[in-house]
Amino acid sequence: MGHPILNLVAQRIALGLLLLFLASGLIFIGTQILPGDVAQSILGQSATPEAVANLRKSLGLNDPAYVRYFKWLSAFLQGDLGTAYSNGKSIAEGISSRLGNTLFLAGWAALFSVPLAVILGLLAVQYKNRWPDKVISGITLASISLPEFFIGYLLIYFLSVQYRVFPSVAIIDDGMSLGEKLHTIGLPVSVLVLVVLAHMMRMTRAAILNVMQSAYVETAELKGLSPFTVIRKHAFPNAIAPIINVIMLNLAYLVVGVVIVEVIFAYPGMGQYLVDHVSKRDVPVVQVCALIFASVYISLNIIADLVSIIANPRLRHPK
């Protein structure tokens, strides 16, 4: 028998690999059951049956589905992402810069939202049931209730059309300085921050309030410590595991859930790339993008799970 933590880590990694394998199967099946013929859509309605048959043969579409699936999965694991049907270009080249752009956008949104969520959560607990708590909770509840596209169009109207603070289209390139890029992505970052901040703040508040009911917190209060000291030294450190779990899940959403935001602001990231090729019925691109998103989401969920195990003694030593 190994160490309990190592056993749990191995179990979580094995489960993650299994989930990724199942996700790849669902992605492949989902793209195969779409109506219509891929070869026909590439060549157009005026193509002759012979041309369609030849293209189906060259693309390997006549092979059984399970053969195509294992060929695709094997190539992906070896780093061969394939070629786009719509333009004949390497998918890896098309994705490389766009994946970096998506991570750049998600990274800056996380940089603002994570510390802000923790600070607001602590303030809400410090002033529980008083006006700061009610104001923070009310604003975050409204933010959760509104979909991303609605928040995005509101910000475009006020901050682009009315006051011209940020551009309404977030197109960046390598020739821009960091300051220019940050100014350009101001609106999409604001949308992502508002969306994930609300959930993280409310879960931070709930986790700390749950710990505040513990006996050791009551003992600290009876010693005469100030409420802020009790929260900072006793409640927050013991609530860190669920807080980190929520933060990691929201970081996963930031990377995977940027599709709508990227489309709204014409941002050159993975989401926009995926939507462009869905409209062209470019199956290999859709499969690769979906599998990358699934890999990121599952990986960050595993990291969140492992951090919770390491940070929580009750999970480190399960009975």
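The following paragraphs describe the fold, surface, charges, aromatic contacts and selected backbone positions of a predicted model.

Because the model is predicted, local features were required to have pLDDT of at least 70 and side-chain atom pairs pLDDT 80 or more, whereas totals for chains, interfaces and linings use all residues. Residues are numbered from 1 along each chain as its sequence is written, and side-chain values use heavy atoms, with hydrogens and water left out.

The protein contains 16 helices and 0 strands, assigned as DSSP runs numbered from the N terminus (helices: H or I, at least four residues; strands: E, at least two). The C-alpha trace spans about 85 × 65 × 35 Å along its principal axes. Of the contacts (heavy atoms within 4.5 Å) between residues at least 6 apart in sequence, 73% join residues at least 24 apart.

The accessible surface amounts to about 17,400 Å², and carbon and sulfur atoms contribute 66% of this area. Areas were obtained by the Shrake-Rupley method with a 1.4 Å probe; for residues, only the protein chains shown count as cover. Buried residues make up 41% of the 319 residues, where buried denotes under 20% relative accessible area, exposed over 50%, and partly exposed the range in between (1.4 Å probe, protein chains only).

Side chains carrying charge number 22 positive and 16 negative, and the centres of the two sets are 12 Å apart. Lys and Arg were taken as positive and Asp and Glu as negative, with His and the chain ends not counted; each charge was placed at NZ of Lys, CZ of Arg, CG of Asp or CD of Glu.

Aromatic pairs were assigned between rings of Phe, Tyr and Trp (its six-membered ring) with centres within 6.5 Å, planes under 30 degrees apart being stacked, over 60 edge-to-face and the rest tilted. This rule gives 8 aromatic pairs. One of them, Trp108 with Phe112, is tilted, with 6.3 Å between centres and 35° between planes. Both residues belong to helix α5 (residues 91–126), where Trp108 and Phe112 are 4 residues apart, about one turn of the helix. Trp108 is partly exposed at 21% relative accessibility, and Phe112 is also partly exposed, at 48%. Elsewhere, ring pairs connect Phe21, Phe28, Tyr69, Phe70 and Trp72 in a cluster. A charge was considered to sit over a ring when NZ of Lys or CZ of Arg lay within 6 Å of the ring centre and within 35 degrees of the ring normal. The charged end of Lys181 sits over the ring of Phe104 in this way, 5.7 Å from the ring centre.

Positive phi values occur at two loop residues other than glycine. Arg164, with phi near 55°, lies in the loop between α7 (148–162) and α8 (178–184) and is exposed, with a relative accessible area of 68%. Ala266 has a phi of about 55° and is placed in the loop between α13 (259–264) and α14 (270–279); its relative accessibility of 33% makes Ala266 partly exposed.

Two C-alpha separations were also computed. Ala241, a residue of helix α12 (residues 240–256), is buried at 7% relative accessible area. Its C-alpha atom is 43 Å from that of Arg281, which is 40 residues away along the chain. Tyr157, in helix α7, is partly exposed with a relative accessible area of 43%. Tyr157 and Ser168 are 11 residues apart in sequence, and their C-alpha atoms are 8.7 Å apart.
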